[in-house]
Amino acid sequence: MSWPAPNTFVTFCKGLTLPTVSAVFTEAGRPALATGESSGWAWVTHDAYSIPVGASIGGLARDITGYRHADRVGHPDRVESVFLASTPACECPHGQNYMVPHCAEHPCQFTYSRGGFVETCFNIGRRRESRRAGGMADLLVRELLDAGIVGRDVPKYDTDPGFNADGAHTVRIIADHFGLPSPPLGLGPAGSSTAAAAGPQP
């Protein structure tokens, strides 16, 4: 699996049509760089540094699932979104505390939202998945534990210090859990990888 190009934001949305998703971002002054629709998900991409405040895309990805846009969908509680950022993980001192919002230039690399609220969010690779937040912070913990990415005893990191450094294993887990479509993650048929994992660079 490969991430999108560096410094790209990707928002996947289920429960809204692509025209609706595109319209919400355009009306907010954040027109998409690219769009698509597949496997029940509509998706839009943005260049992280071509917009005034990068974190606003992550905020829109959360807000689009809430009642603010209830007039566009019959059941807003059924709208969900997955936000991925291929920007570097925040290294700001306050960004290391997962309960404090990250800086505008470095939003959390993964956020899952539903009903207008962040259900789970964390940064990816280099054991950052251990710092999770949100109303359902442990939503993916079983898969992460099974893959040896988090936990008290993670021998993979002892035998291979570079294990999951680029977050490729984590991105695979996220894509499989939510059934995200191939574009724009570089996935082939049935979720097979078609490109070397590039991952967000620290």
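The following paragraphs describe a predicted model, beginning with its confidence and proceeding to helices, salt bridges and cysteines.

Residues are numbered from 1 along each chain as its sequence is written, and side-chain values use heavy atoms, with hydrogens and water left out. In this predicted model, local features need pLDDT of at least 70 and side-chain atom pairs count only at pLDDT 80 or more, whereas totals for chains, interfaces and linings use all residues.

The pLDDT is the predictor's confidence in each residue, from 0 to 100. Its mean over the protein is 81, and 79% of the residues reach 70 or more. Over residues 187-202 the pLDDT is below 50; this stretch nevertheless has 42 contacts in the model beyond near neighbours in sequence, a contact being heavy atoms within 4.5 Å. Where pLDDT is low, the predicted coordinates should not be read in detail. Among the elements of the protein, helix H3 (residues 141-146) has the highest mean pLDDT, 96, and helix H2 (residues 55-63) the lowest, 85. Helices (H or I, at least four residues) and strands (E, at least two) are DSSP runs, numbered from the N terminus.

Helix H1 spans residues 18-27, and its buried residues include Leu18, Val21, Val24 and Phe25. Here buried means under 20% relative accessible area, exposed over 50%, and partly exposed in between (1.4 Å probe, protein chains only). Just after H1, Gly29 takes a positive phi of about 80 degrees.

The model contains 5 salt bridges, each defined as a side-chain nitrogen of Lys or Arg within 4 Å of a carboxyl oxygen of Asp or Glu. One of them joins Asp63 and Arg62 at 2.9 Å, N to O; Asp63 is buried at 14% relative accessibility, while Arg62 is partly exposed at 30%. Another links Asp138 to Arg132 at 2.8 Å. In that pair Arg132 is buried, at 15%, and Asp138 is partly exposed, at 47%. Arg172 and Asp176 also form a salt bridge, with their closest N and O atoms 3.8 Å apart. Both residues lie in helix H5 (residues 168-178), 4 residues apart, about one turn of the helix. An α-helix has 3.6 residues a turn, so residues three or four places apart point the same way. Asp176 is exposed, at 51% relative accessibility.

The count of disulfides is 0, a disulfide being a pair of cysteine sulfur atoms within 2.5 Å. Cys108 is unbonded because its sulfur is 4.2 Å from the closest cysteine sulfur, in Cys121, too far for a bond. Cys108 is buried at 14% relative accessibility, and Cys121 is buried at 15%.
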